[in-house]
Amino acid sequence: MNVGNLLYHRESTMLTSITDGILCCLTGKTTNLVLPLESSEPSDGFEFVEVKPGRVLRVRHIKPEHQHIDREKQNARKDKTNVDCDANGAASPEDSIDDDDAGTSVHCKRKITVYRNGQLVIENLGDALHSEILQCQDGDLEPCSTVEVELADYKEMPSSPDPNPTPPVPLPSGEQKPAPPPRRRRRKPKRTVLIDSTRVISSCKGTDSDVALFFVHGVGGSLDIWSSQLNFFSRLGYEVIAPDLAGHGASTAPQIAAAYTFYALAEDLRAIFKRYARKRNILIGHSYGVSFCTFLAHEYPDLVHKVVMINGGGPTALEPSLCSIFQLPSCVLHCLSPCLAWSFLKAGFARQGAKEKQLLKQGNAFNVSPFVLRAMMSGQYWPEGDEVYHAELTVPILLVHGMCDKFVPMEEDQRMAEILLFAFLKVIEEGSHMVMMECPDTVNTLLHEFFLWEPDMSRKGEADNTVSICDTINTLKIKKPMDK
């Protein structure tokens with residue numbers, strides 16, 4: 001297509017969009033009702049799941065063949081065990097051993113205190129893992145250290161008491177001792193949360209039949225943005241599950257705004273998770289999808305084994321912005337849809353060439369109706385998902401950030417890494433907001449290393465796999481932001 005035809009195509013598309021928007025304003029009806037898209041590959045692992053009456057989500061579910069064989073072996077072993085139990089009255093020790101119990105036991109203990117002035121103090125009393133993914137292969141444990149960070153604006157704060165204070169210098173004769181400072185009143189905490197548990201962290205291989213990977217996209221996306229990841233990990237033998245959110249991709253699109261609130265979408269994903277969950281589940285979320293992964297990890301701590309957050313932002317409660325462009329009427333957004341698509345391409349990708357445009361088209365990204373887009377942005381209300389909510393997570397979490405991301409600042413992912421218990425932050429310099437589409441090989445390798453990672457406790461010198469509590473305290477003080 002030459003330049004003239006390309007310009008003609010853009011102008012005709014914009015004129016058609018403006019005309020449809022004017023008709024929408026005059027008639028009060030949407031010109032293009034959002035209906036499920038026909039799947040181009042209906043037999044390639046695509047399923048349609050009715051999470052609620054009339055609410056159907058498209059799910060791509062790829063199940064490796066070795067799992068069928070493993071389950072047949074497990075059933076045969078279980079039948080043999082039952083026969084041995086009936087004959088001998090007890091099962092043999094070999095049959096009672098569960099291979100899935102292998103892993104490293106890590107002590108998760110922290111005290112979270114919220115004061116009335118909004119200050120949050122986190123004391124890590126258990127094991128501390130390295131905070132860089134480059135050291136993730138070794139999986140060593142490091143002793144706890146004292147850290148104080150002002151995450152709201154990164155200003156310096158007074159340091160914590162030194163565990164080894166230096167002795168006071170004696171005053172020369174004849175000088176008076178200065179008056180002691182006035183004693184401060186002891187602050188009363190508004191809320192205190194104590195977490196004390198033991199988590200088993202193990203390597204999740206593609207040959208393990210009890211491992212499932214869940215991929216959750218964000219606003220305006222679809223399961224197609226995970227095509228590179230779904231194909232890569234399914235070839236490695238992993239069971240992968242990727243749903244289309246309501247109103248996205250080929251899922252049904254209800255014409256009521258209440259269908260797109262955070263709680264409505266979270267319940268949809270809860271139904272999908274309960275349907276496909278295995279013993280060890282790994283959640284991978286992008287942008288808004290990170291909030292749903294956090295919700296599921298908080299609701300099902302025993303089933304969620306690891307979490308990956310890709311350009312998810314900081315650990316703040318969700319609250320819709322009243323001054324956003326998405327608060328405009330749907331008909332106005334329909335007129336602005338070409339400009340919004342171009343703005344998303346410019347801000348979501350590090351480069352805006354023909355390759356990125358093709359990726360955007362193939363990924364079916366930002367291809368939602370103005371009504372769904374407006375309802376999704378207005379429904380991002382989740383006051384429970386604040387700093388304390390994220391600090392309560394004990395699951396290992398990998399944070400992936402694209403350096404060129406114009407939607408999520410780098411400071412937000414750094415803040416998330418500081419407040420989480422076990423977090424690894426990796427920055428991809430050549431990536432932007434859609435980093436899993438721009439740099440699929442880098443992201444796939446990084447995710448696979450994290451899936452295979454397991455802490456190495458051999459340096460602690462313990463007889464068993466459990467590590468005792470650290471002697472020092474890892475303290476984190478932040479000021480609670482009002483909104484995101």
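This passage describes the overall make-up, aromatic pairs, selected residues and cavities of a predicted model.

The protein has 484 residues, and 47% of them are buried. Its secondary structure comes to 14 helices and 14 strands. Contacts in the protein often span long stretches of sequence. Among those between residues at least 6 apart, 79% join residues at least 24 apart.

Aromatic rings were examined next. A pair of aromatic rings is described by the distance of the centres and the angle of the planes. The count comes to 19 aromatic pairs. In one of them, the ring centres of Tyr260 and Phe371 are 6.4 Å apart. Their planes stand at 80 degrees, over the 60 degrees required, so the pair is edge-to-face. Tyr260 belongs to the loop between strand S9 (239–243) and helix H5 (262–276), whereas Phe371 belongs to helix H10 (residues 370–378). The two parts are 111 residues apart in sequence, and the pair therefore ties them together. Tyr260 has 0% relative accessibility, so this residue counts as buried.

A further edge-to-face pair is made by Trp382 and Tyr389. Here the distance is 5.1 Å centre to centre, with 75 degrees between the planes. Both residues fall under the 20% limit for burial. Trp382 is buried at 3% relative accessibility. Tyr389 is buried at 9%. The two residues also belong to one aromatic cluster, together with Phe262, Tyr263, Tyr288, Phe292 and Phe295. Another ring, that of Phe450, has a charged partner. Lys306 lies over the face of this ring, at 5.4 Å from the ring centre.

Several residues touch the members of the cluster. Thr294 is part of helix H6. This residue counts as buried because its relative accessibility is 1%. Beyond its neighbours within four places in sequence, Thr294 is in contact with Trp382 and Tyr389, the edge-to-face pair described above. Met309, His390 and Leu393 are also among the contacts of Thr294. Ala266 is found in helix H5. With a relative accessible area of 2%, Ala266 is buried. Outside its neighbours within four places in sequence, Ala266 is in contact with Phe292 and Phe295. Both of these phenylalanines are members of the aromatic cluster. The C-alpha atoms of Ala266 and Ser291 are separated by 9.0 Å, and the two residues are 25 apart along the chain.

Backbone angles were also considered. Ser287 is a residue other than glycine with a positive phi, near 55 degrees. Ser287 lies in the loop between strand S10 (280–286) and helix H6 (289–299). Asn311 likewise has a positive phi in a residue other than glycine, near 50 degrees. Asn311 sits in the loop between strand S11 (304–310) and helix H7 (330–335). The relative accessible area of Asn311 is 0%, so this residue is buried.

Internal space was searched last. Rolling a probe the size of a water molecule over the atoms shows where empty space is left. Across the whole structure, three cavities of 30 Å³ or more were found. The largest holds about 70 Å³ of space. It is lined by 12 residues, and the closest to its centre are Ser291, Gly312, Gly314, His390 and Met416. His390 is also one of the contacts of Thr294. Helix H6 gives the largest share of this lining, with three residues. By type, the lining of the largest cavity has four nonpolar residues, seven polar and one charged.

The second largest cavity has a volume of about 50 Å³. Its lining is made up of Phe214, Val216, Pro243, Leu269, Ile272, Phe273, Leu283 and Leu296. The lining of the second largest cavity has eight nonpolar residues, no polar and no charged. Strand S8 (211–216) and helix H5 each supply at least two of its residues. The largest share, three residues, comes from H5. Helix H5 is also the place of the buried residue Ala266.

Definitions and conventions: Residues numbered from 1 in each chain as written. Predicted model: local features only at pLDDT ≥ 70, side-chain atom pairs only at ≥ 80, totals over all residues. Heavy atoms only, no water. Phe/Tyr/Trp six-rings, centres within 6.5 Å; stacked < 30°, edge-to-face > 60°. Helix = DSSP H or I, 4+ residues; strand = E, 2+ residues; numbered from the N terminus. Buried < 20%, exposed > 50% of the residue type's maximum accessible area, 1.4 Å probe, protein only. Lys NZ or Arg CZ within 6 Å of the ring centre and 35° of its normal. Contact = heavy atoms within 4.5 Å. 1 Å grid on protein atoms, 1.4 Å probe; cavity = no way out; pocket = protein on both sides within 12 Å on 5 of 7 lines; lining within 4 Å. Points joined across faces, edges and corners; volume = space filled by probe spheres on them. Nonpolar A, V, L, I, M, F, W, Y, C, P; charged D, E, K, R; others polar.
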